[in-house]
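Take a look at the charged side chains in the model shown here. This report covers how they pair and where they are left unpaired.

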Amino acid sequence: MTTSDELLGDLLRQVSRSFYLSLAILPRPLREPLGLAYLLARAADTVADTRLIARAERIGHLEALRRAYAGQGDAGAVARACAPQQAHEAERRLLERVDEAVGRVARLPAADLARVRAVLTTLTDGMLFDLARFPGEDARGLAALGSLAELDRYTYLVAGCVGEFWTDVHVAHRPRLAAWAPAAMRARGVRFGKALQMTNVLRDVPADLAHGRCYLPAAELAALGLAPADLLDTAGATRARPLLARLIDLALGHYDEAWRYTLAIPRLEWRMRLACVWPLAIGLATLEALARHPNPLAATPPVKVSRSTVRGILARSALMVGSNRALAAEAARLRARVAGRRAGAAASVVDVEA
């Protein structure tokens, strides 16, 4: 087994089960640039989240990684400093092998190399933004994003840019995509990434609050008579339900564009279609679970989709992947379930407040 196979096999599976599903189904020429980019982004994110290391040092390590990813520095020094601090073995192993991944990236064809380096620059910018915007480490230092515009920028930096990258890599490697309008599909790819990140944001509110981060915009909370710290209380989290409903609607708009992206993939590119259908269906199932939960902004443990639900999604999608009509119907069904749950939850909040 080659170094690349090792990195994109067992190690990738351990640090990302969900992304590994999508990557493993793709044709081999796509797996290397996409998988290596993910591994290096995940390594940088691990450094950013290593709270046993002082924040200023983490920022320095991230900046060093960004230079190394651009071919101008030593990633190994960061790994040696941060790997021993990891409680999870898979994340420690990832950092220990970050130099190998950087070296493998450097041997990519020039066009893929440029794309990987560009997306990693944007992703690490997002991580640095996150560390600067949220200076605390726990609820005592809680800070919030200011506005919906800032939330939108954040979701681009940490996920929307990946949709662009994914699109560019596929267009470059898959001749059947030659008929695509690149600018329009890149824009839809951005919305695809934002859909998934908005889902993560809404699912992870309680855990993020505990770490001093509130991605729900302060301006929107203020319109409900709330401050970010109010979300730490169960009653305050309940009062924020109208904002949750609004953000679910915003996420659904992104999902609509992501499904249009998926349906534009030629039927013969069934691997790419499945790689897109899976995260969209799992993401919408997660949104439905959030909308169904009595108080999702205070949920501990976090709301998750069951493994049996994921298995059902994989099985159904395999049967319908070649049919745009079937996929569109499935997308509409999943969307309607989220919208219906959201409307029911909003009505129950109005009843309680009345």
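The structure holds 30 salt bridges. The model is predicted, not experimental. Side chains of opposite charge can pair when their charged atoms come close. Three of these pairs are set out below, followed by a network and a surface patch.

| Salt bridge | N to O distance | Place |
|---|---|---|
| D168 and R186 | 2.9 Å | helix α9 and helix α10 |
| R260 and E257 | 2.4 Å | helix α14 |
| E288 and R292 | 3.6 Å | helix α15 |

**A bridge between helices**

D168 and R186 join their side chains in a salt bridge, with N and O 2.9 Å apart. D168 belongs to helix α9 (residues 148-173) and R186 to helix α10 (residues 182-203), so the bridge ties together parts that lie 18 residues apart in sequence. How accessible are the two partners? D168 is partly exposed, at 24% relative accessible area. R186 is also partly exposed, at 29%.

**Bridges within a helix**

R260 and E257 meet in a salt bridge of 2.4 Å, N to O. Both residues sit in helix α14 (residues 241-263), and because they are three residues apart, about one helical turn separates them. Is E257 buried or exposed? E257 counts as buried, with 17% relative accessibility, since the cut-off for buried is under 20%. R260 counts as partly exposed, at 40%.

E288 pairs with R292 in helix α15 (residues 270-292). The closest N and O atoms of this salt bridge are 3.6 Å apart, which falls within the 4 Å limit for a salt bridge. E288 and R292 are four residues apart, so the separation is again about one helical turn. E288 is buried, with a relative accessible area of 7%. R292 counts as partly exposed, at 45%.

**A network**

Which residues are linked in a network of salt bridges? They are R51, R55, R58 and E137.

**A positive patch**

Not every charge is paired. R17, K304, R307 and R311 form a positive surface patch. Patch residues have no salt bridge, and each has over 30% relative accessible area. R17 lies in helix α2 (residues 17-25). Is R17 buried or exposed? R17 is exposed, because its relative accessible area is 59% and exposed means over 50%.

Key
Residues numbered from 1 in each chain as written. Predicted model: local features only at pLDDT ≥ 70, side-chain atom pairs only at ≥ 80, totals over all residues. Heavy atoms only, no water. Patch = residues over 30% accessible without salt bridge, like charges linked within 9 Å, V, L, I, M, F, W, Y side chains within 5 Å. Areas by Shrake-Rupley, 256 points an atom, 1.4 Å probe, with all protein chains shown as cover. Lys, Arg positive; Asp, Glu negative; His and termini not counted. Charge placed at Lys NZ, Arg CZ, Asp CG, Glu CD. Helix = DSSP H or I, 4+ residues; strand = E, 2+ residues; numbered from the N terminus. Buried < 20%, exposed > 50% of the residue type's maximum accessible area, 1.4 Å probe, protein only.
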